[in-house]
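Work through the exercises below with the model open. Try each task before reading its solution.

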Amino acid sequence: MAIRNLRYEGDEILSKRAREIEVIDDKIKELAKDMFDTMHKYEGVGLAGPQVGILKRIIVIDLYEDGQQYALINPKIISQKGEQIVDEGCLSFPNQFAKVRRAKEVVVEALNLDGKKVKIKGKDLLAQALQHEIDHLNGEVFVNKCEAGTLETLTADERQEKRRK
Ligand code: NI
């Protein structure tokens, strides 16, 4: 188990586009494991490569419900439907929360850690997490796309309740 250092607001890696992963080798598998460990330590529901300083297209998601754990390589949204306005936070912006407009449902194509093509259909929180993490791979962060006037900074106590990505 290895916890990676998180990158925070102001770190320029968070605004860069991550590169495609060509080969899923042991190093990538190790990275995925470390990303799960890091996300769990900070009680996040999602984490993207750039957030641990790796500019590669890899994300992990755990909704803490049965079977809702994903490690995805080169994920891509291939369709989306509907709309939801949701509360959002991010492990790279520990005290900031805002409302963000997201698609209600998405279909994502990716590779799993065995290099097999997978298609994930996500609704609600899973759809939100997939969109948030894929944004990270494109150098986009939620504070730049939130609904006007909804960005708030909370104290450590206040943020206990909130889930971050
Ligand atoms: Ni995030």
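The exercises cover two sheets, a buried arginine, a pocket and some backbone angles.

This is a predicted model: local features need pLDDT of at least 70, side-chain atom pairs count only at pLDDT 80 or more, and totals for chains, interfaces and linings use all residues. Residues are numbered from 1 along each chain as its sequence is written, and side-chain values use heavy atoms, with hydrogens and water left out.

**Exercise 1. Trace the open sheet of 5 strands and give its order.**

Step 1: fix the terms. Helices (H or I, at least four residues) and strands (E, at least two) are DSSP runs, numbered from the N terminus. Two strands pair if DSSP finds at least two bridges between them.

Step 2: read the order. It is E1-E2-E3-E6-E7, with antiparallel pairing. Strand E1 (46-48) and strand E7 (117-123) are the edges, each pairing on one side only. From one strand to the next, the twist averages 40 degrees.

Step 3: check two pairs. Strand E3 (residues 69-81) and strand E6 (residues 105-111) are antiparallel over 6 bridges. Lysine 76 has glutamate 109 in E6 as its bridge partner. E6 and E7 are antiparallel too, joined by 7 bridges. Here glutamate 105 is the bridge partner of lysine 123 in E7.

Step 4: look at the connection. E6 and E7 make a hairpin with 5 residues between them. Glycine 115, in the turn, has a positive phi of about 80 degrees.

Step 5: add the helix. Helix H1 (residues 26-41) lies across E1, strand E2 (58-62) and E3. H1 runs at about 40 degrees to E2. Axes are lines fitted to C-alpha atoms, for helices over the stretch in contact, and angles run from 0 to 180 degrees between N-to-C directions.

**Exercise 2. Is arginine 57 buried or exposed, and which residues does arginine 57 touch?**

Step 1: locate arginine 57. It sits in the loop between E1 and E2.

Step 2: apply the cut-offs. Buried means under 20% relative accessible area, exposed over 50%, partly exposed in between (1.4 Å probe, protein chains only). Arginine 57 has 5% relative accessibility, so it counts as buried.

Step 3: list polar partners. A polar contact is a pair of N or O atoms within 3.5 Å; within protein, one must be able to donate a hydrogen and the other to accept it, and residues adjacent in sequence count only if both atoms are side-chain atoms. The side chains of arginine 57 and asparagine 138 share one of 2.7 Å. A polar atom of the arginine 57 side chain also lies 3.1 Å from the backbone oxygen of leucine 137.

Step 4: widen to contacts (heavy atoms within 4.5 Å). Leaving out residues up to four places away in sequence, arginine 57 touches residues including Arg17, Glu20, Leu72, Asn74 and Pro75.

**Exercise 3. Which residues are closest to the centre of the largest pocket?**

Step 1: define the space. On a 1 Å grid over the protein atoms alone, a pocket is an open set of points where a 1.4 Å probe fits, with protein on both sides within 12 Å along at least five of seven lines; lining residues have an atom within 4 Å of a point.

Step 2: size it. The largest pocket holds about 250 Å³. Grid points are joined across faces, edges and corners, and a volume is the space filled by probe spheres set on the points.

Step 3: read the lining. The pocket has 15 lining residues, and those closest to its centre are Glu20, Asn74, Pro75, Lys76 and Glu109. E3 gives the most to the lining, with 6 residues.

**Exercise 4. Which strands form the open sheet of 3 strands, and what does asparagine 95 touch?**

Step 1: give the order. It is E4-E5-E8, with antiparallel pairing. The edges are strand E4 (84-90) and strand E8 (152-153).

Step 2: take one pair. Strand E5 (residues 93-102) joins E8 through 2 bridges. Glutamine 96 has threonine 153 in E8 as its bridge partner.

Step 3: turn to asparagine 95, in E5. Asparagine 95 is partly exposed, at 28% relative accessible area. Outside residues up to four places away in sequence, it touches Glu152, Thr153, Leu154 and Arg159.

**Exercise 5. Where is glutamate 43, which has a positive phi although it is not a glycine?**

Step 1: recall the rule. Most residues other than glycine have a negative phi.

Step 2: place the residue. Glutamate 43 is in the loop between H1 and E1. Its phi is about 55 degrees. Glutamate 43 is exposed, with a relative accessible area of 56%.
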